Amino acid sequence: MNFLLSLAFVLCWSSGFIGAKLGAGNAAAVTILMWRFVPLAAVLIVFAMVRRLSWRGLSARDLARQAVIGALSQSGYLLTVYYAIQLGVSSGTTALIDGVQPLVAGALAGPLLRQYVSRTQWLGLCLGVSGVTVVTMADATAGTGAPWWSYLVPFLGMFSLVAATFCESRSRTQVAPVVSMTIHCVTSAVVFAALAVSAGAARPPTELSFWAAITWLVALPTFGGYGLYWLILQRSGVTEVNTLMFLMAPVTAVWGAVMSDEPFGPQTAVGLAVGLAAVVVVHRGATSSSRPGRPVAGRAAACPSDLGHDRGTR
């Protein structure tokens with residue numbers, strides 16, 4: 001089950017980069033994001049009214065924390081990704097920069113969450129960096145014509161998502177996935193609508209391709225990728241879920257080759273293989289770190305049972 005969830009997460013999350021590229025040719029980033037989240041937020045609000053039991057026991061502080069997490073993990077992250085692609089940064093390069101996230105999260109997991117990160121896991125993290133570097137070299141040599149500073153924009157989104165991950169992991173209240181997704185999407189709808197209206201970009205294009213891109217973005221990366229991100233985070237912990245991010249760059253390259261005729265050469269294939277190896281190494285390291293005698297601690301422990309026990313007893 002964990003393997004199937006991980007596979008679905010990688011495919012759905014990476015599809016968001018392609019969806020952003022599909023929509024970038026028709027409208028500004030804030031326009032796409034507004035019409036991606038406003039209808040979605042309306043549907044989720046109606047669904048939340050039906051599932052009122054899921055909201056019981058949540059304080060105003062819990063709701064505010066989830067709003068902050070949504071602003072970081074959706075609004076901040078997606079705006080930088082879309083803006084970078086709009087500036088001309090390729091989807092593969094954007095996904096690659098996001099691939100640095102696992103190393104950052106892994107480095108911070110110890111001091112912030114007191115989570116044990118084994119040497120095997122560190123080896124896997126470094127192996128994953130090598131894989132995404134190989135993919136980047138193949139993508140960067142093609143040249144996109146984007147200004148040099150545009151490559152710094154996705155880094156802002158990467159740090160925003162890392163901050164959201166740790167903010168959620170340090171929470172003492174377990175929030176149902178449907179509740180957290182509703183709060184996150186409503187927060188993003190408000191943020192993007194305000195940005196679009198202030199920029200005079202709230203009116204959507206009439207082209208069918210724009211709405212096809214919106215449908216793609218709602219179905220795959222939002223419900224599939226974003227929902228699975230938090231589900232796997234709760235089941236497996238920070239280090240493991242973020243290690244899957246190493247696969248986004250090579251998998252996005254495959255998406256680009258199939259849908260946009262982007263080149264997929266031997267370097268990309270090697271990067272994909274190395275990324276897969278990194279995931280295997282880190283997951284084995286997580287299994288060994290959950291054995292008796294290992295100092296596994298924190299809300300995002302490597303063992304899923306530890307995570308569930310910790311959440312259930314607080």
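Colleague: Where is Gly88 found?
Modeller: Gly88 sits in the loop between α3 (60-87) and α4 (91-98). Bear in mind that this is a predicted model.

Colleague: What makes Gly88 count as partly exposed?
Modeller: Its relative accessibility is 27%. Buried means under 20% and exposed means over 50%, with partly exposed in between, so at 27% Gly88 counts as partly exposed.

Colleague: How many residues apart in sequence are Gly88 and Ala146, and how far apart in space?
Modeller: They are 58 residues apart in sequence, with 4.7 Å from C-alpha to C-alpha.

Colleague: Which residues make the nonpolar surface patch?
Modeller: Tyr83, Val100, Trp148, Trp149, Leu152, Phe155 and Phe159 make it, and the patch covers about 720 Å². Phe159 has its place in helix α7 (residues 153-169).

Colleague: Why is Phe159 called partly exposed?
Modeller: Phe159 has a relative accessible area of 47%. The partly exposed class lies between 20% and 50%, so Phe159 belongs there. Patch residues need over 30% relative accessible area, so with 47% Phe159 passes that cut-off too.

Colleague: And the inside: which residues touch the most other members of the largest nonpolar core?
Modeller: Phe9, Trp13, Phe37 and Tyr82, out of 57 residues. Helix α9 (residues 208-236) gives the largest share of this core, 11 residues. Apart from this core lies another one, of 5 residues, including Val104 and Phe166.

Colleague: What does Phe37 touch, not counting residues up to four places away in sequence?
Modeller: Phe37 touches Gln74, Leu78, Cys185, Ser188, Ala189 and Phe192. Contact means heavy atoms within 4.5 Å.

Technical notes
Residues numbered from 1 in each chain as written. Predicted model: local features only at pLDDT ≥ 70, side-chain atom pairs only at ≥ 80, totals over all residues. Heavy atoms only, no water. Core = buried A, V, L, I, M, F, W, Y, C linked by side-chain atoms within 4.5 Å. Buried < 20%, exposed > 50% of the residue type's maximum accessible area, 1.4 Å probe, protein only. Helix = DSSP H or I, 4+ residues; strand = E, 2+ residues; numbered from the N terminus. Patch = residues over 30% accessible without salt bridge, like charges linked within 9 Å, V, L, I, M, F, W, Y side chains within 5 Å. Areas by Shrake-Rupley, 256 points an atom, 1.4 Å probe, with all protein chains shown as cover. Salt bridge = Lys/Arg side-chain N within 4 Å of Asp/Glu carboxyl O.
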